[in-house]
Amino acid sequence: MPSFTLLVNGRRRTANVAADTPLLWVLRDHLDLTGTKYGCGAGLCGACTVHLDGVPARSCSLPISAVGTKKITTIEGLGSEKTLHAVQKAWIAEDVPQCGYCQSGQIMAAAALLAKNRHPSDAEIDAAMTNICRCGTYQRMRKAIKRAAEEVGT
């Protein structure tokens with residue numbers, strides 16, 4: 001079984017897995033980072049969104065062999081319990097989650113958006129937030145992204 005050394009949330013981690021193992025299963029099953037969720041398994045819903053070098057990626061359909069030396073950030077590495085990321089704080093303030101299942105992926109997508117665009121318009125938010133929420137909390141997500149933009153945009 002090949003060995004892969006990954007940089008996850010600022011720490012070097014090793015996983016001995018088949019090269020075609022999706023990153024999601026390496027994170028959840030081998031590294032105990034269960035904040036990233038399994039949704040559709042086809043990279044469509046976005047519940048499994050993580051950052052690779054700051055760019056959102058669907059980890060359920062990304063083989064570990066394709067990650068290379070890119071820095072992986074999961075929801076566990078976005079902020080900390082003491083210092084939440086601006087998007088995490090805004091999600092709480094706007095009471096975004098309903099069932100909550102897709103929210104880690106939504107937050108990762110929103111954080112990536114604000115990292116490259118600190119003042120997104122509604123259209124830019126809609127274009128960037130392609131993750132699916134079965135509860136339909138899209139309006140609250142948009143409000144939270146606008147709130148977080150005020151914090152990161154200053």
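This report describes the sheet, the first helix and the nonpolar cores of a predicted model.

## Basis of the description

Because the model is predicted, local features need pLDDT of at least 70 and side-chain atom pairs count only at pLDDT 80 or more, whereas totals for chains, interfaces and linings use all residues. Residues are numbered from 1 along each chain as its sequence is written, and side-chain values use heavy atoms, with hydrogens and water left out.

## The sheet and helix α4

Five strands (DSSP runs of E, at least two residues, numbered from the N terminus) form an open sheet of mixed pairing in the order β2-β1-β5-β3-β4. Its edge strands are β2 and β4 (55-58), each of which pairs on one side only, where pairing requires that DSSP finds at least two bridges between two strands. Direction ignored, neighbouring strands of this sheet are turned against each other by 40 degrees on average; axes here are lines fitted to C-alpha atoms, for helices over the stretch in contact, and angles run from 0 to 180 degrees between N-to-C directions.

The pairing of β3 and β4 is antiparallel and extends over four bridges, and Thr49 stands opposite Arg58 in β4. Helix α4 (residues 103-116; helices are DSSP runs of H or I, at least four residues) packs on the sheet, where it touches β3, β4 and β5, and its direction makes about 35 degrees with that of β3.

## Thr21 and helix α1

Thr21 lies in the loop between β2 (11-16) and α1 (23-30), and it counts as buried because its relative accessibility is 15%; buried means under 20% relative accessible area, with a 1.4 Å probe and protein chains only. Not counting residues up to four places away in sequence, Thr21 touches Val26, Leu62, Pro63 and Ile64, contact meaning heavy atoms within 4.5 Å.

In α1 the buried residues are Leu23, Leu24, Val26 and Leu27, and these pack against β1 (3-8), β2, β3 (49-52) and β5 (71-73). Just after α1, Asp32 takes a positive phi of about 60 degrees.

## The nonpolar cores

A nonpolar core is a set of buried Ala, Val, Leu, Ile, Met, Phe, Trp, Tyr and Cys residues joined through side-chain atoms within 4.5 Å. The largest has 24 residues, of which Val87, Trp91, Leu114, Met129 and Ile145 touch the most other members. Two or more residues each are given to this core by α2 (75-78), α3 (86-93), α4 and α6 (138-152), with the largest share, seven residues, coming from α4. Apart from this core lies another, of 17 residues, among them Ala15, Val17, Ile64 and Ile72.

Methods. Buried means under 20% relative accessible area, exposed over 50%, partly exposed in between (1.4 Å probe, protein chains only).
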